Amino acid sequence: MERCPVCRARFRDEAICHRCGADLSPLLAIEAEAAALEREAVALLAAGQWIEVRRVAERVLALHHSLLATAAWDFARRELVAEEARRFERLLQ
Ligand SMILES: [Zn+2]
């Protein structure tokens with residue numbers, strides 16, 4: 001979070017906005033949860049667990065916009081499609 005969503009004051013890494021007094025702790029908790037899920041998605045990518053990557057990326061995207069989660073979700077989708085294509089090719093041989 002770069003700015004307070006209520007008054008647009010620059011965020012100072014404090015749970016209470018210094019200008020308007022809004023409680024930002026729920027938003028900070030969401031950001032922390034999303035960041036943890038993004039790390040989990042990256043670990044799952046490294047392990048080649050495509051279905052789990054998509055599940056975790058979808059949880060990230062339900063919390064906030066994330067280029068990393070979008071890319072992980074799409075990469076996992078392409079890998080799943082490629083695995084299915086290889087499986088069909090083996091069956092057709
Ligand atoms: Zn504010």
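In what order do the elements of the protein run from the N terminus on? They go α-α-α, and the tally is three helices and zero strands. Keep in mind that this is a predicted model. Here's a quick tour, from overall shape down to single residues.

**Overall shape**
- The C-alpha trace spans about 70 × 20 × 15 Å along its principal axes.
- The radius of gyration comes out at 19 Å, whereas a compact globule of 93 residues would sit near 12 Å.
- Burial covers 19% of the 93 residues.
- Take the contacts with a separation of 6 or more: 25% of them join residues 24 or more positions apart.

**The nonpolar core**
- The largest nonpolar core has 14 residues, and the members that touch the most others are Ala41, Val53, Val56, Ala57, Val60, Ala69 and Ala72.
- Three helices feed this core with at least two residues each: α1 (25-47), α2 (50-63) and α3 (67-92).
- As background, nonpolar side chains tend to be buried together in soluble globular proteins.

**Helix α1**
- α1 has 23 residues, which should span 33 Å at 1.5 Å a residue; the end C-alpha atoms are 33 Å apart, so the two figures agree.
- Its buried residues are Ala34, Leu37, Glu38, Ala41, Leu44 and Leu45.
- The cover over those buried residues includes α2 and α3.
- On the general side, an α-helix has 3.6 residues a turn, so residues three or four places apart point the same way.
- Just after α1 comes glycine 48, with a positive phi of about 70 degrees.

**Helix α2**
- With 14 residues, α2 reaches 20 Å from first C-alpha to last, close to the 20 Å expected at 1.5 Å a residue.
- Trp50, Val53, Arg54, Val56, Ala57 and Val60 are the buried residues here.
- Those buried residues pack against α1 and α3.
- Zooming in on valine 56: leaving aside residues up to four places away in sequence, it touches Leu37, Glu40, Ala41 and Leu44. Of these partners, Leu37, Ala41 and Leu44 are on the buried list for α1.

**The segment before α1: cysteine 17**
- Cysteine 17 lies in the segment before α1.
- Is cysteine 17 buried or exposed? It counts as buried, because it has 20 C-beta neighbours inside 10 Å, and 20 or more is what burial takes.
- Setting aside residues up to four places away in sequence, cysteine 17 touches Cys4, Val6, Cys7, Ala9, Ala22 and Leu24.
- From cysteine 17 to alanine 34 is 17 residues along the chain, and their C-alpha atoms are separated by 21 Å. Alanine 34 is one of the buried residues of α1.

**The segment before α1: positive phi**
- For context, most residues other than glycine have a negative phi.
- Arginine 8 goes the other way, with a positive phi of about 70 degrees even though it is not a glycine.
- This arginine 8 sits in the segment before α1, and it counts as exposed because it has 12 C-beta neighbours inside 10 Å, where the exposed class takes 12 or fewer.
- Aspartate 13 also has a positive phi, near 60 degrees, in a residue other than glycine.
- The place of aspartate 13 is likewise the segment before α1. Aspartate 13 is exposed, as it has 7 other C-beta atoms within 10 Å.

Terms used:
Residues numbered from 1 in each chain as written. Predicted model: local features only at pLDDT ≥ 70, side-chain atom pairs only at ≥ 80, totals over all residues. Core = buried A, V, L, I, M, F, W, Y, C linked by C-beta atoms within 7 Å. Helix = DSSP H or I, 4+ residues; strand = E, 2+ residues; numbered from the N terminus. Contact = placed C-beta atoms within 7 Å. Expected span 1.5 Å × (residues − 1). Rg over C-alpha atoms; globule rule 2.2 N^0.38 Å.
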